[in-house]
Protein chains: 2
Amino acid sequence: MMEFEQILRSRGYRLTNQRRVIVRELEGERHLSAEEIYDRVKEEHPELGLSTVYRTLDLLHELGIVRKEDFGEGYSRYELATERMHHHARCRRCGKVIEFNEELMEYLTLQVERETGFVTDSYEITLHGLCRECAAASS
Amino acid sequence: MMEFEQILRSRGYRLTNQRRVIVRELEGERHLSAEEIYDRVKEEHPELGLSTVYRTLDLLHELGIVRKEDFGEGYSRYELATERMHHHARCRRCGKVIEFNEELMEYLTLQVERETGFVTDSYEITLHGLCRECAAASS
DNA sequence: GTAACTGCAAATGCTTTGCATAATC
DNA sequence: GATTATGCAAAGCATTTGCAGTTAC
């Protein structure tokens, strides 16, 4: 991933080791929380601070390099915006998150842009309801 | 809205004044945060505590009576599940939330249920990108 | 009467911030 | 060398919890 370095430079941000390391971690795994990134990186780079992780994720999110996700856990998860878009179904009883992909939606983002001027670079669908087990248990 | 009283009773929960008042507030306005509900209700019912608001919203959410929404503000918003489903486009630069409706999607929930057993009672689409103004400013 | 519910205050956990130091350009 | 970025510790918020008192059934 060279692209993110160019984006940073072109906006006048500095290319630090911490930023490189955090992006590398995100390249390795999806859906990471700030704390998880911090823990993983700390082994090799004990000098990294948790606040730097938050500040970096904030910056990367604003630059459109990472997506910020909310699984209803009380904290955020992050993944590279280059990852394939995907969607979640979250059980309101047990909290389980089921992931699924689907292919339409392209037309929707076009329509929204036409109507509101909003330029979409990624999207997320969340279904609220009951997973198989909880649905079975409640009937 | 009588329905929620029946749901509570049928599950063995008690029908308290606090629960009634909180639901009434949700009937009056959409997208309310716990704190906003607390502030609105406090004028007429100073005895209501904020933790009761949170506990009630949690219960109503688990029962499927209210939807829990995340606009990326760092806290949750709530609305009655009977409200028309809608979707958001959130600007990653300025945070502005643009709301829009659309009508397809029915087929998607059916397909998900077929594949995973997940029973959807509501859904939410979030687009990530730039609003008209921020998109203009960054080009 | 008893079990569920509430209010209050304290605790928790994620995230942000102030400031002195260090690193990038 | 100037400015941006970092680390640390402390502060900030939303949310949760423990517990004694209250209320619904």
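**Surface near DNA strand D**

In this predicted model, I looked up which elements form the surface near DNA strand D, and found that helix 2 (17–28) and helix 4 (50–62) of chain A, together with helix 4 (50–62) of chain B, each supply at least two residues. Helix 4 of chain B gives the most to this surface, with four residues.

I then listed the surroundings of DNA strand D, which amount to 21 residues, the closest being Arg14(A), Thr16(A), Glu47(A), Thr52(A) and Tyr54(B). Sorted by class, the surface near the strand has eight polar, seven charged and six nonpolar residues.

**Sugar, phosphate and base**

Next I asked what part of DNA strand D lies within 4 Å of the protein: 63% of those atoms belong to sugar or phosphate, and the rest belong to bases.

For individual contacts to phosphate, I noted an N or O atom in the side chain of Arg19(A) at 3.1 Å from a phosphate oxygen of DNA strand D, and a polar backbone atom of Leu48(A) at 3.4 Å from a phosphate oxygen of the strand. On the base side, I recorded that an N or O atom in the side chain of Ser51(A) is 3.1 Å from a base nitrogen of DNA strand D.

**Cavities**

Turning to enclosed space, I found two cavities of 30 Å³ or more, and I followed up the second largest, whose volume is about 50 Å³. Its lining consists of Asn17(B), Gln18(B), Val21(B), Val41(B), His45(B), Glu47(B) and Leu48(B), with the largest share, three residues, coming from helix 2 (residues 17–28) of chain B. By class, I noted three nonpolar, three polar and one charged residues in the lining of this second largest cavity.

Methods: Residues numbered from 1 in each chain as written. Chains lettered and ligands numbered in written order. Predicted model: local features only at pLDDT ≥ 70, side-chain atom pairs only at ≥ 80, totals over all residues. Heavy atoms only, no water. 1 Å grid on protein atoms, 1.4 Å probe; cavity = no way out; pocket = protein on both sides within 12 Å on 5 of 7 lines; lining within 4 Å. Points joined across faces, edges and corners; volume = space filled by probe spheres on them. Nonpolar A, V, L, I, M, F, W, Y, C, P; charged D, E, K, R; others polar. Near = heavy atom within 4 Å. Polar contact = N/O pair within 3.5 Å; in protein donor to acceptor, adjacent residues only side chain to side chain.
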